[in-house]
Amino acid sequence: CTLVTSTAVDPLITPVQVSCTGFSDPDNAQGELNYKVMSYSKDTASLGQKVVIYFGTLSSPSFYLAPWPGTSRTAVNMKVYIMDEDGSETLALDTDVPMSSTVTGGNQIAFLQSQTTTTLPSIVSDNNPTILLQYGIAITHELNELSRQESLLNQPNSHVDDRNVLRNRITISVLFLPLETIYQQQQMAHILNMLTHYSGEYQTSACQTLVLNQIDILKADLENSAFQGADKKEFTSSLLLDAVNNNMEAVNAAIYSSVNISNVTSLDMSTFTNYKPAISTLTLPTSLSSDGHKQEVITRSFQFGNEIAILNLKTLLPLEDPILINLDNIKVYGKRIYTDSIERNYSSDGCIAVLQAGMLTSLYPTRQEVFQIMMVVQQNPFTWGNVGDVPLNTKVIAAGFTDTSGQEMSVSNIPTGERPKFYIMKNGGDPYNITDSLQTSPNYS
């Protein structure tokens, strides 16, 4: 495989092309080969991040490619893999693609506005999910770079409303496309994460609901791959949980801080008309009151977070190492265990759960297999009924159990001596200062 594109690439204007020749499957000469193109971040701010750019049967594909947000944007590390029908793959190309990003100079917001009023509608009219997903990844990378640059200035952002409008256009253009492969599902999960990453710029309530609806679809797709012993390396769970968390922060952004929050809270109907692809199944959600919308998003988000963790636990064997998902604002612990061997102590970000050994055996059979899930959210999301800058000084910790089908197990009748204890840390307190008299401790709420 070789990189055909010979000049520095402008990610929203110049497609990248690679050419692969001479590959065949020695075990199946007539078998179909697939070509997978991956983009890897070279910037320390996003080191280790990756996304599929192309997956398909074309041996010489062209595609949109963009640098990752960050300070090192002169190149993107690109790898090309050749895959047979059984999923075996070989690395065929590992190269850095030189970039000449338009958003690093000039009138940056005007350029992106121009792209979403010219190139993006043209791609939408083509009704091609492959191209739409590629372009969605490229333009969200460029948009988030603008947001990153302004977030470093420590002053009111001058184009926060403009960027919210751009995010709305991308949302309507890309969400609810038909996704035929797990790689397209990964691309969609990546776009959801990038769209919602700057929560103050994602304030349109209809789009926040649409993101949750798309997560629900991806979660259902993920369930088809969630069986005991399955390989989780292709799972989108971390990206989906990140998007869930970002969306919770978005609905509460104006409560957490009134600085740099977009005022674009409603969707312009022309955006829906001009940017919705004909192949999209998108329908606009029912409008709710501000508090009603917030309650719905937070409630569904916690439900989704729990269900995504359960999908990962379905792939484990009993007593296998737990799953640990550590995101900026949310930490998830999950383990497949028996009722008589539950994890009794869990601490994260100053929150501590202490469970009793006989907690479940007092209610359920001794060796029943169960899923144990514990979660900490660093900022309290239950803010409805409040407006403006509200000082929130507590985090949230949750613990629960389900059977192996994912059905919640009631613990409402636990005997007094087997009840769990939760210590919730005040923001800024010493997380290790657990005193004998918690009621008088200044560190715990």
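A residue counts as exposed when its relative accessible area is over 50%, as buried when that area is under 20%, and as partly exposed in between. Keep this scale at hand as you work through the exercises on this predicted model.

**Exercise 1. Decide whether Asp86 is buried or exposed, and find its place in the chain.**

Step 1: Look up the relative accessible area of Asp86, which is 71%.
Step 2: Compare with the cut-off: exposed means over 50%, so Asp86 is exposed.
Step 3: Place Asp86 in the chain; it lies in the loop between S6 and strand S7 (89-98).
Step 4: Look at the company Asp86 keeps. Together with Asp27, Glu32 and Glu85, Asp86 forms a patch of negative charge on the surface.

**Exercise 2. Describe the salt bridge between Glu142 and Arg73, and say how its partners are placed.**

Step 1: Start from the general idea. Side chains of opposite charge can pair when their charged atoms come close.
Step 2: Check the distance. The closest N and O atoms of Glu142 and Arg73 are 2.6 Å apart, and the cut-off for a salt bridge is within 4 Å.
Step 3: Find both partners. Glu142 sits in helix H3 (residues 129-151), while Arg73 sits in the loop between strand S5 (62-63) and strand S6 (75-83); the pair links distant parts of the chain, 69 residues apart.
Step 4: Use the accessibility scale. Glu142 has a relative accessible area of 1%, so Glu142 is buried. Arg73 is buried too, at 5%.
Step 5: Widen the view. Arg73 and Glu142 belong to a network of salt bridges that also includes Glu145 and Arg148.

**Exercise 3. Work out which parts of the chain the salt bridge of Lys219 and Glu307 ties together.**

Step 1: Confirm the contact: the closest N and O atoms of Lys219 and Glu307 are 2.7 Å apart.
Step 2: Locate the partners. Lys219 is in helix H6 (residues 205-223) and Glu307 is in helix H9 (residues 290-313), so their pairing ties together parts that are 88 residues apart in sequence.
Step 3: Classify each one. Lys219, at 10% relative accessibility, is buried, whereas Glu307, at 25%, is partly exposed.

**Exercise 4. Repeat the analysis for the salt bridge of Glu369 and Arg336.**

Step 1: The N to O distance for this pair is 2.4 Å.
Step 2: Glu369 belongs to strand S12 (residues 369-377) and Arg336 to strand S9 (residues 330-338), so here strands are the elements being linked, with the partners 33 residues apart.
Step 3: Glu369 is partly exposed at 23%, and Arg336 is buried at 7%.
Step 4: To finish, set this pair in its context: the structure holds 16 salt bridges.

**Exercise 5. Find which cysteines are joined by a disulfide, and describe the link.**

Step 1: Count first: there is one disulfide.
Step 2: Name the partners. Cys1 is joined to Cys20, with the sulfur atoms 1.9 Å apart; the cut-off is within 2.5 Å.
Step 3: Place the two ends. Cys1 is in the segment before strand S1 (2-3), and Cys20 is in the loop between strand S2 (16-19) and strand S3 (34-40), so the disulfide ties together parts that are 19 residues apart in sequence.
Step 4: Read the geometry. The angle about the S-S bond is 115°, and the link of Cys1 and Cys20 is right-handed.
Step 5: Classify the ends. Cys1 is partly exposed at 22% relative accessibility, while Cys20 is buried at 3%.

Key:
Residues are numbered from 1 along each chain as its sequence is written. This is a predicted model: local features need pLDDT of at least 70, side-chain atom pairs count only at pLDDT 80 or more; totals for chains, interfaces and linings use all residues. Side-chain values use heavy atoms; hydrogens and water are left out. A salt bridge is a side-chain nitrogen of Lys or Arg within 4 Å of a carboxyl oxygen of Asp or Glu. Helices (H or I, at least four residues) and strands (E, at least two) are DSSP runs, numbered from the N terminus. Buried means under 20% relative accessible area, exposed over 50%, partly exposed in between (1.4 Å probe, protein chains only). Patches are made of residues with over 30% relative accessible area and no salt bridge: like charges are joined within 9 Å, nonpolar side chains (Val, Leu, Ile, Met, Phe, Trp, Tyr) within 5 Å. Accessible areas come from the Shrake-Rupley method with a 1.4 Å probe; for residues, only the protein chains shown count as cover. Lys and Arg count as positive and Asp and Glu as negative; His and the chain ends are not counted. The place of a charge is taken as NZ of Lys, CZ of Arg, CG of Asp or CD of Glu.
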